[in-house]
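Please take the following model slowly, moving from a pair of helices to the chain that holds them, and from there to the contacts between chains and between domains.

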Amino acid sequence: MSTELAMKTEQLSRVYKAKKRKARGGEREIIALDRVDLEIPTGELFGLLGPNGAGKTTLIKILTTLLAPTGGRAWVAGVDVAQNPREVRRHINMVSGGESSGYGLLTVEENLWMFTQFYGIDGETARRRIRELLEIVGLADRAKTKIFHLSTGMRQKMNFVRGFLTNPEILFLDEPTLGLDVQTSHTLRGFIKDWVGKRADKTVLLTTHYMYEAEELCDRVAIIHDGHILACDTPGNLKKHLQRGVVFRLRVTAIANPERLFQHLRGVQRFSHVEVNGYTELDFILEDENALPPILTAIQDSHGELISLEKRDPTLEDVFISMVGRGLGEGGGSAGTTEGAPR
Amino acid sequence: MTRQRAVESTRSLKMAAWLGWQIESNWATPFLFAIYSIAKPIAGALILVLMYMVIAQGGVQHPLFPQIFVGNAFYIYVAMVLMGVSQAVIEDREHYGMLKYMYVAPLNIYAYLLGRGVTQAIMATVAVLIMLLFGIIVLGIPMPPATIDWGMLFAAWLFGLASLAFQGIFLGGISLITARHSFYIGDAVAGALYLLCGAVFPIDVLPKPLQLLGQALPLTYWLEALRRALLGDGAGQLLSSLSDRALLLILAGSMVLLAVLSIGFYRWAENRAREKGLIDMQTMY
Amino acid sequence: MSSPTRWEIFWRTVMGRAYPRVVGMQRERSWLFFDTVLPLLQVSAFVFIYRAIQAPPEFTGFVVLGGAMTAYWLNVLWSMASQFYWEKETGNLELYIIAPTSLMAILLGMAIGGMVATTVRALAVITLGLLIFRVEVSIVNVPQLLGVFLLTLLALYGLGMLFSSLFLLYGRQAQHLSNLLQEPVFLVSGFYFPVRALGFIAALGASVIPITLGLDAMRQLLFPTMMAQFRFVDVRIELGALAVLSIGFLWLAKRALSYMEDLSRREGRLTIRGQ
């Protein structure tokens with residue numbers, strides 16, 4: 001594998017076997033990753049965008065040697081993750097969102113120092129880096145605080161610092177801003193962008209289900225769903241695919257069975273719906289604006305009321321909807337599709 | 001209000017008992033679980049047996065042996081119930097991160113803690129029965145059913161178990177305001193009480209000051225009552241002057257006293273924990 | 001800046017992981033009571049059992065010594081063997097795994113850090129036990145005694161590392177298996193009576209647990225007269241066996257840790273919580 005590639009996967013798969021309930025007997029397979037092919041060059045901030053359960057964390061676990069693949073191969077820093085995991089670990093570090101790691105009775109500084117020792121970093125270098133990084137994330141005044149006194153946001157900042165302390169070649173960020181407030185998330189995103197921007201030899205793999213995060217930070221984004229990579233390109237190029245269509249967002253009073261209402265309408269390429277505070281939010285990808293009036297008529301006929309209508313530029317979420325048929329934030333919601341392929 | 005509280009308490013107790021069972025029982029196959037339940041008490045019994053065989057004249061035929069064996073058997077309740085109730089605090093706080101949610105929910109925390117101890121009490125009962133059967137069948141300890149005072153046995157067992165549960169709450173209060181190395185506080189306290197309550201030797205053997213301490217412990221009277229019920233006779237001379245009725249009255253009275261003291265202490269510990277923000281503290285090291 | 005060598009990473013990891021244990025104990029000192037006074041009371045119970053059955057005074061010494069060594073056995077079971085289970089639950093285990101260090105170094109750090117409190121507990125039990133119960137000891141050979149003690153610890157912690165590799169794969173079984181090993185090992189290793197009472201074959205089988213040989217040897221060196229009739233085998237044989245066990249367990253632990261880590265990675269168990 002070329003050493004200009006920070007990471008590469010070839011037909012990478014991970015299948016879990018779960019036991020069925022006693023009455024049904026046997027096992028069932030859960031395909032978490034299905035023949036994933038990726039190439040991430042050195043110096044890139046690469047995003048992996050997908051809903052919960054798409055396979056993002058599974059991919060990161062394999063690349064960080066926490067999980068073995070059941071098929072295919074993967075290399076990190078030119079090293080096969082399955083054959084030589086110990087060598088891989090010299091080149092990487094990881095930060096996960098919602099972490100509770102660390103030792104409650106130790107201070108922020110002490111916890112961070114302890115982790116640097118696992119990487120063989122000498123005391124002086126460790127202390128200097130800890131000081132600098134705590135300053136950057138705004139935790140310098142909490143350096144001597146025991147971590148069980150920290151809020152969730154502060155704890156995540158500390159974990160963030162832990163990931164960067166070892167100055168890894170490749171950093172894995174698994175939903176690093178999960179559950180954080182806007183201000184903290186903004187600070188940490190700025191930090192990530194700055195860190196990678198100033199260091200051509202550093203690579204970051206970021207997983208997220210916040211599309212604005214992927215758009216803001218990433219050089220390239222792969223969209224993953226049900227263990228498959230659906231698309232992989234720059235955010236701009238991904239959105240360009242949608243410029244053949246027009247995107248509208250409608251907010252209406254709650255309507256029953258939107259699928260039946262819109263699925264036969266001409267000009268509707270894709271749509272998704274979500275209930276928000278008693279309203280129904282509808283996102284349409286239409287061939288052109290002429291497809292809009294029949295939609296409005298259908299809403300009126302079903303005794304719905306139009307609250308707002310917005311024409312907008314396509315986002316990555318729209319790209320996702322166009323590929324999958326539902327939004328990133330939707331759980332098991334159904335989506336309307338036209339019959340057959342997009343028109 | 002009273003009815004609502006009663007409903008909450010019952011719900012808390014039932015839910016906690018179910019939860020305790022789920023936690024304790026789902027880690028192994030039933031076969032391994034059975035081995036675990038049998039091996040521990042039998043091993044404990046055999047330590048005593050071997051000590052007697054090595055030293056005592058007559059080995060297990062020594063006149064003291066049946067009393068000591070019975071005391072040792074029922075002592076299983078002490079460690080398991082004390083641990084079961086007190087460890088629930090640390091497990092829920094540090095391991096499952098759920099203690100804060102228990103405090104936010106409208107449940108009766110005492111009923112909850114007692115419920116968590118129910119599973120340990122059931123497992124202890126099985127272990128005690130196995131040990132008694134081992135003693136009767138393998139070691140030949142005489143305990144014919146016709147000679148057992150079942151009424152006294154049941155009453156003593158009930159009062160003693162309740163007292164242990166309240167002591168567990170007391171220790172749970174300590175756990176609430178200390179770090180997780182008090183995870184074994186139940187075990188450690190049980191180990192200490194082993195010395196003073198006459199479980200494995202008559203308290204007559206202790207120096208006078210320790211005898212007095214032993215006589216202040218409800219546990220001492222509990223074991224004496226159980227021995228009399230099962231074997232017709234207690235261990236040692238110090239308690240022999242007490243009638244069976246007196247023993248049971250002491251047990252009932254101490255149960256009430258322990259209930260008041262332990263709940264009172266737990267309340268104080270709770271307030272302290274709230275003041276210092278300890279209810280969701282993490283102290284792993 | 002040059003990359004740190006493997007040995008540098010190893011020793012820094014040991015010191016790094018020992019640190020939370022040492023510091024944690026100082027910051028919350030309730031363990032001083034739980035780990036000294038209460039175990040002493042428990043040991044005293046066994047002393048009084050022997051007094052009740054009129055055992056020779058040396059048996060008091062046997063019990064005190066056995067009680068002191070329980071500190072190390074419990075430390076191995078609870079602070080080493082099942083420790084990775086706790087680390088997994090808090091999310092620390094995955095951070096250890098992805099670091100370019102070895103799990104042996106992490107475990108060694110835990111052992112060294114935990115040994116401070118464990119040794120305080122053991123010393124408290126021995127000192128107070130010998131003083132309170134006025135046990136007379138006649139130390140036959142100080143270098144041998146030290147050698148036995150140190151080799152016992154080395155073999156014991158090697159066994160602890162081996163256990164922790166097994167427990168890497170398990171969830172709550174780990175905790176319960178540790179619990180299961182408590183009383184049975186107190187029995188078969190002769191913590192409270194000379195192991196010879198179990199019979200030669202049983203004692204031989206029990207010798208796989210280093211404390212069995214260690215206790216027997218230490219009793220022989222401290223109470224030579226009484227142990228003449230109760231000893232298992234000669235001290236020199238026990239010393240040799242302990243050395244073999246040390247090397248054996250450490251080697252097995254290294255192999256087992258590596259194997260179990262790979263197995264856990266394949267089965268996806270390294271990061272499962274709440275098992």
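A crossing of two helices is called left-handed if the near helix is turned anticlockwise from the far one by less than a right angle, and right-handed if the turn is clockwise. With that convention in hand, and keeping in mind that this is a predicted model, one can begin with chain C, where the crossing of α2(C) and α6(C) is right-handed. Two packed helices are described by the angle between their axes and the distance between the axes. For α2(C) and helix α6 of chain C, which spans residues 103–132, the angle is about 40 degrees and the axes lie 9 Å apart. Angles under 35 degrees count as roughly parallel and those of 65 to 115 as roughly perpendicular, and α2(C) and α6(C) are therefore oblique to each other.

The residues that make this packing can be followed on both helices. From α2(C) come C:Trp31, C:Asp35, C:Thr36, C:Pro39, C:Leu40 and C:Val43, and they meet C:Ala117, C:Val120, C:Arg121, C:Ala124, C:Val125, C:Leu128 and C:Gly129 in α6(C). Sorted by class, this contact holds 9 nonpolar, 2 polar and 2 charged residues.

The two helices belong to a chain that has 13 helices and 0 strands. The radius of gyration of chain C is 20 Å, close to the 19 Å that the globule rule gives for 275 residues, so chain C is as compact as a globular protein of that length. Along the principal axes, the C-alpha atoms of chain C fill a box of roughly 60 × 40 × 40 Å.

Helix α2(C) returns when one turns to the neighbouring chain. In the contact between chains C and B, 37 residues of chain C meet 38 residues of chain B. On the chain C side, the elements that give two or more residues are α1 (6–27), α2 (31–52), α4 (83–90), α8 (172–180) and α9 (182–188), and α2(C) gives the most, with 13 residues. This side of chain C has 23 nonpolar, 8 polar and 6 charged residues.

Chain A offers a contact within one chain, since it is divided into domain 1 (5–239) and domain 2 (242–337). The C-alpha centres of these two domains of chain A lie 34 Å apart, and 14 residues of domain 1 are in contact with 10 residues of domain 2. On the domain 1 side, α7 (211–217), β9 (220–225), β10 (228–233) and α8 (235–240) of chain A each supply at least two residues, and the residues of that side divide into 10 nonpolar, 2 polar and 2 charged.

Technical notes: Residues are numbered from 1 along each chain as its sequence is written. Chains are lettered from A and ligands numbered from 1 in the order in which they are written. This is a predicted model: local features need pLDDT of at least 70, side-chain atom pairs count only at pLDDT 80 or more; totals for chains, interfaces and linings use all residues. Two residues are in contact if their C-beta atoms, placed from the backbone, lie within 7 Å. Helices (H or I, at least four residues) and strands (E, at least two) are DSSP runs, numbered from the N terminus. Ala, Val, Leu, Ile, Met, Phe, Trp, Tyr, Cys and Pro count as nonpolar, Asp, Glu, Lys and Arg as charged, and the others, Gly among them, as polar. Domain bounds come from an automatic or database domain assignment. Axes are lines fitted to C-alpha atoms, for helices over the stretch in contact, and angles run from 0 to 180 degrees between N-to-C directions. Angles under 35 degrees count as roughly parallel, over 145 as roughly antiparallel, 65 to 115 as roughly perpendicular and the rest as oblique. The radius of gyration is taken over C-alpha atoms; the globule rule is 2.2 Å times the number of residues to the power 0.38.
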